[in-house]
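Please open the model in your viewer and have the selection tool ready. We will go from stop to stop, choosing residues and looking at what lies around them.

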Amino acid sequence: MSKVTEIKHPLISHKLAIIRSKDTGSKDFREIVEELSMLMAYEVTRNLSTEEVEIETPICKAKCRMLSGKKMAIVPILRAGLGMVDGMLRLIPAAKVGHIGLYRNEETLQPVEYFCKLPQDIAERDVIVVDPMLATGGSSADALTMLKKRGAKNLRLMCLVGAPEGIKYVQEQHPDVDIYLAEIDEKLNENGYIVPGLGDAGDRLFGTK
């Protein structure tokens with residue numbers, strides 16, 4: 001079964017509380033989602049492999065550790081996942097970015113695919129799939145399935161908040177994919193929204209209704 005990591009840090013808790021508030025406008029919401037993504041990326045990349053290299057400091061030669069050259073990709077689930085990309089690229093500027101477009105059928109709550117554009121060498125990359133919300137888990141699970149069909153092997157899922165139902169569903173569908181969250185919320189309501197959640201992340205990021 002995949003590992004679920006709830007990233008506990010005072011800065012993450014503080015910023016998450018701000019974006020949960022209904023009084024936080026789109027500008028602040030976007031900025032804080034970006035900051036949260038950067039803070040979370042630190043933890044999500046903790047187990048990246050490194051190798052020993054020799055460099056020359058202003059004083060002497062020294063053996064240091066650097067990333068071992070494993071290529072990375074960040075794949076946001078459109079459209080809300082876009083809000084998490086820039087924060088991650090600040091820490092991982094060499095990563096390539098793919099895009100997966102899914103929307104939720106409001107009647108069946110099932111995800112529908114409408115777009116998929118990935119780096120050609122996606123099979124060779126460590127892939128981090130990002131989406132602010134892990135609600136029913138349908139969109140995330142389908143995105144991971146799409147990636148696997150296109151050759152991706154080393155996958156992680158990173159979300160800001162998630163409901164236990166969605167976490168369980170993704171684990172059942174993709175037991176090989178580790179999940180990282182800023183916070184695990186209480187439940188889903190009858191409309192499939194996370195409680196307490198933070199509302200519709202896409203609408204709040206882009207000022208739409």
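The tour below goes through a helix, some loops, several side-chain pairs and a surface patch.

**Before you start**

This is a predicted model, in which local features need pLDDT of at least 70 and side-chain atom pairs count only at pLDDT 80 or more, while totals for chains, interfaces and linings use all residues. Residues are numbered from 1 along each chain as its sequence is written, and side-chain values use heavy atoms, with hydrogens and water left out.

**Stop 1: helix H2**

Select residues 26–44, which form helix H2. Helices (H or I, at least four residues) and strands (E, at least two) are DSSP runs, numbered from the N terminus. H2 has 19 residues and spans 26 Å from its first C-alpha to its last, close to the 27 Å expected at 1.5 Å a residue. That expected span is 1.5 Å times one less than the number of residues in the helix.

Which residues of H2 are buried? Colour Phe29, Ile32, Val33, Leu36, Ser37, Met40, Ala41 and Val44 to see them. Here buried means under 20% relative accessible area, exposed over 50%, and partly exposed in between (1.4 Å probe, protein chains only). An α-helix has 3.6 residues a turn, so residues three or four places apart point the same way.

Now show what covers those buried residues: the cover includes helices H1 (10–20), H3 (85–91) and H6 (201–206), along with strands E8 (126–130), E10 (154–162) and E11 (178–184).

**Stop 2: arginine 204, in helix H6**

From that cover, pick arginine 204, which sits in helix H6. Arginine 204 counts as buried because its relative accessibility is 15%. Measure from its C-alpha to that of isoleucine 19: the two are 185 residues apart along the chain, yet separated by 9.2 Å. Leaving aside neighbours within four places in sequence, the contacts of arginine 204 (heavy atoms within 4.5 Å) are Ile19, Arg20, Ser21, Lys22, Thr24, Ser26, Phe29 and Leu198. You have met Phe29 already, among the buried residues of H2.

**Stop 3: two cis peptide bonds**

Step back along the chain to proline 196, in the loop between strand E13 (194–195) and H6. Valine 195 and proline 196 are joined by a cis peptide bond, with omega about 0°. Then jump to arginine 79, in the loop between E4 and H3. A cis peptide bond, again with omega about 0°, joins leucine 78 to arginine 79. For context, most peptide bonds are trans.

**Stop 4: salt bridges**

The structure holds 15 salt bridges, each a side-chain nitrogen of Lys or Arg within 4 Å of a carboxyl oxygen of Asp or Glu. Try aspartate 121 and lysine 71, whose side chains meet at 3.0 Å, N to O. This pair links distant parts of the chain, 50 residues apart: aspartate 121 is in the loop between E7 and E8, and lysine 71 is in the loop between strands E3 (61–67) and E4 (72–78). Is each partner buried or partly exposed? Aspartate 121 is buried at 15% relative accessibility, and lysine 71 is partly exposed at 33%. Add Glu124 and Arg125 to the selection, and you have a network of salt bridges linking them with Lys71 and Asp121.

Next, show arginine 46 and glutamate 43, another salt bridge at 3.0 Å, N to O. Arginine 46 is exposed at 56% relative accessibility, while glutamate 43 is partly exposed at 21%.

**Stop 5: the cysteines**

How many disulfides does a search of the whole structure find? There are 0, a disulfide being a pair of cysteine sulfur atoms within 2.5 Å. For cysteine 64, the nearest cysteine sulfur is that of cysteine 60, 9.1 Å away. Cysteine 159 has its closest cysteine sulfur in cysteine 116, at 17 Å, which is too far for a bond. Cysteine 159 is buried, with a relative accessible area of 0%, whereas cysteine 64 is partly exposed at 26%.

**Stop 6: a nonpolar patch**

Finally, turn on the surface and select Tyr103, Tyr114 and Phe115, which make a nonpolar patch of about 330 Å². Tyrosine 114 lies in strand E7 (residues 111–117) and is partly exposed at 47% relative accessibility.

Notes
Patch = residues over 30% accessible without salt bridge, like charges linked within 9 Å, V, L, I, M, F, W, Y side chains within 5 Å. Areas by Shrake-Rupley, 256 points an atom, 1.4 Å probe, with all protein chains shown as cover.
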